[in-house]
Amino acid sequence: MVDRREARRSAGRGGAPADLAASPFRADRDRIVASPFFARLGGVTQVVSASGSALLHNRLTHSLKVAMVARAIVERFATQAEIVPVLDKLGGCDPDVVEAAALAHDLGHPPFGHLGEQVLDRLARQRFHLADGFEGNAQSFRIVTTTDTRGPGGRGLDLTAAVRAAMLKYPWTRLPLLGASPQTPMGAQPPDPPFFPEPHPRALPKPPRGAAEPAGEPGSGSSKFSAYVSDLDDLVQAREPFAGRIADWQQTVEASVMDTADDIAYAIHDLEDFHRIGVLQHAPVSAELGQWLAGALDFAGLDDAELAASSRRPGRSLEELRRHLHRRDSWIVDDDAFVAAVARVRTELVDDLLATPFDGSVEAEQAVGRFSARWTARLVAGIGVIMDPPTRSGHVVLAPAQWHEVQVLKFVHKRFVLLRPDLALHQRGQARLVTSLVAALDEWLRDRYEAVRLPRRLHDLAELAAAEYPTRELAEGRAVIDFVASLTDGQTVALLDALSGRGGAPWSDAFVL
């Protein structure tokens, strides 16, 4: 009998197991899909709330597409004889492990997408004094190891070490700045918080993606990480099979596949979404890419101050991207490849897809389908495996041509969607909503006269956290964050309405307390 938490690389290695149903990795996948945390992703924002449009991706449809792309990558690897020995040396690459990790990678994303993640992190650190704050990837890991109750042991999903390791996109803890904390007596020297790995990758000359602290927030710790200190034992145990094969801070091959598939899915379907609803317009995107291609040498001759002063004019933002890539990713960036990428995106996105507004017709749907299929196939075909990647990369890498194309596709989405003032207006309202809800739940949780009427889920989360944190205040803070992070967009709005006296009858709310 396979010990599911200790499962290593034997199951499925060197071909499928004799009994496919007996694969512990497929059982992991099935547990993830059956989890209520997975089902709630259908009501969680991808970029903007999809409540008014069936055309937009949500976290559930995004996760399904990531799983599809991830499995396609692994199946392609299996046909390349020169790659298989490399994969074995690095710890293996099982399609069921990769698919399960891809399905689970967004379980912890809170209401309202990355905006909700930023707000909860700020509140966790500033209001509740939780040193490692909130991070969507770490919350996903916390769900499968701790807060979901569908596993045989009643705590977490009891997933194999292989799948848990494949979920670790950023396999380290936050490493907050050492200093006084609520559990430290006044005047006492605070204990060093545990962290993984040691030394922390933030100390490397060129830290991995996400390991450095965010600009403007000195002492805040890594901007991205995949486990809270409370889940450190699970992180270390999941990584044990890879000791001596890969660096402690490096993704497993399976995590690297999931991460790359996530990038590919984002780069393609975010553009599809905003073309469908008419936000991504032909003229401004065409002007930006066309002006840069026509005047690349002139743009390159501008100093940084001149470029910044005219950044709103067409072509300037793309030149800023080129310079940013040189500073950040010198290991792969190449000006000729960047020019070719801009030209390809202009041809296939601007001159083809965006040239005709989406009108819901069969022809328009077919155009979106061709764009998605063509780009997915091209990007998957450009993926390889390397033994000794630079710190900014995983073992699974896109070829230079496709890597530059992904950067340009993501630039178009950021420049012409994410930076829009109307989106900022919408998101500022959502930030206020999340902040108000956290404050209301915190007040309720601390009201001892109302303890018997506390929402049962919040009560249970507080009891769970009490076994992990040294003080009641810290435990209750984590419980509130866990509770809000487990809501859908609609539940968040409805719950705040109810707590503000604006809700309907108590039995009509779209959630169970």
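This tour proceeds from the whole chain to selected helices, ring contacts and backbone features.

**Before selecting anything**

The model is predicted: local features require pLDDT of at least 70, side-chain atom pairs count only at pLDDT 80 or more, and totals for chains, interfaces and linings use all residues. Residues are numbered from 1 along each chain as its sequence is written, and side-chain values use heavy atoms, with hydrogens and water left out.

**The whole chain**

Display the protein chain as a cartoon; it has 21 helices and 2 strands. Helices (H or I, at least four residues) and strands (E, at least two) are DSSP runs, numbered from the N terminus. Of the 513 residues, 54% count as buried. Buried denotes under 20% relative accessible area, exposed over 50%, and partly exposed in between, with a 1.4 Å probe and protein chains only. Of the contacts (heavy atoms within 4.5 Å) between residues at least 6 apart in sequence, 74% join residues at least 24 apart.

**Stop 1: helix α5**

Select residues 95–104, helix α5. Here 9 of the 10 residues are buried, so α5 is largely enclosed by the rest of the structure. The buried residues are D96, V97, V98, E99, A100, A101, A102, L103 and A104. To see what covers them, add α1 (24–34), α2 (36–39), α3 (59–77), α7 (136–147), α8 (161–166) and α10 (253–276), which are among the covering elements.

**Stop 2: F112 and V493**

Move next to F112, in the loop between α5 and α6 (113–126). F112 has a positive phi of about 65° although it is not a glycine. Its relative accessibility is 4%, so F112 counts as buried.

Which residues does V493 touch, leaving aside those up to four places away in sequence? They are F112 and L433. V493 belongs to helix α21 (residues 489–499) and, at 34% relative accessibility, counts as partly exposed. Select Q430 as well: its C-alpha atom is separated from that of V493 by 9.0 Å, although the two residues are 63 apart along the chain.

**Stop 3: helices α18 and α20**

Two packed helices are described by the angle between their axes and the distance between the axes. Axes are lines fitted to C-alpha atoms, for helices over the stretch in contact, and angles run from 0 to 180 degrees between N-to-C directions.

Select helix α18 (residues 421–445) and helix α20 (residues 472–485), which pack at an angle of about 135° with their axes 10 Å apart. The two helices are therefore oblique to each other. Angles under 35 degrees count as roughly parallel, over 145 as roughly antiparallel, 65 to 115 as roughly perpendicular and the rest as oblique. The crossing of α18 and α20 is right-handed; a crossing is left-handed if the near helix is turned anticlockwise from the far one by less than a right angle, and right-handed if clockwise. Show side chains for V434, L437, V438, L441, D442 and L445 of α18, and for E476, V480, F483 and V484 of α20, which make the contact.

**Stop 4: helices α11 and α17**

Now select helix α11 (residues 282–294) and helix α17 (residues 400–418), whose packing angle is about 125° and whose axes are 11 Å apart. These helices are therefore also oblique to each other, and the crossing of α11 and α17 is right-handed. P284, V285, E288 and L289 of α11 meet F411, V412 and F416 of α17 in this contact.

Stay at F416 and show R415, which lies over the face of the F416 ring at 5.1 Å from the ring centre. A charge sits over a ring if NZ of Lys or CZ of Arg is within 6 Å of the ring centre and within 35 degrees of the ring normal. For a second such case, select R478 and Y228: the charged end of R478 sits over the Y228 ring, 4.2 Å from its centre.

**Stop 5: an aromatic pair in α16**

How many aromatic pairs does the structure hold? There are 5. Rings of Phe, Tyr and Trp (its six-membered ring) pair if their centres lie within 6.5 Å; planes under 30 degrees apart count as stacked, over 60 as edge-to-face and the rest as tilted. Select F371 and W375: the ring centres are 6.4 Å apart and the planes are at 55°, so the pair is tilted. Both residues lie in helix α16 (residues 362–381), 4 residues apart, about one turn of the helix. F371 and W375 are both buried.

**Stop 6: two loop residues**

Select D158 in the loop between α7 and α8. D158 has a positive phi of about 55° although it is not a glycine, and at 16% relative accessibility D158 counts as buried.

Finish at P199, in the loop between α8 and α9 (232–239). The peptide bond from E198 to P199 is cis, with omega near 0°.
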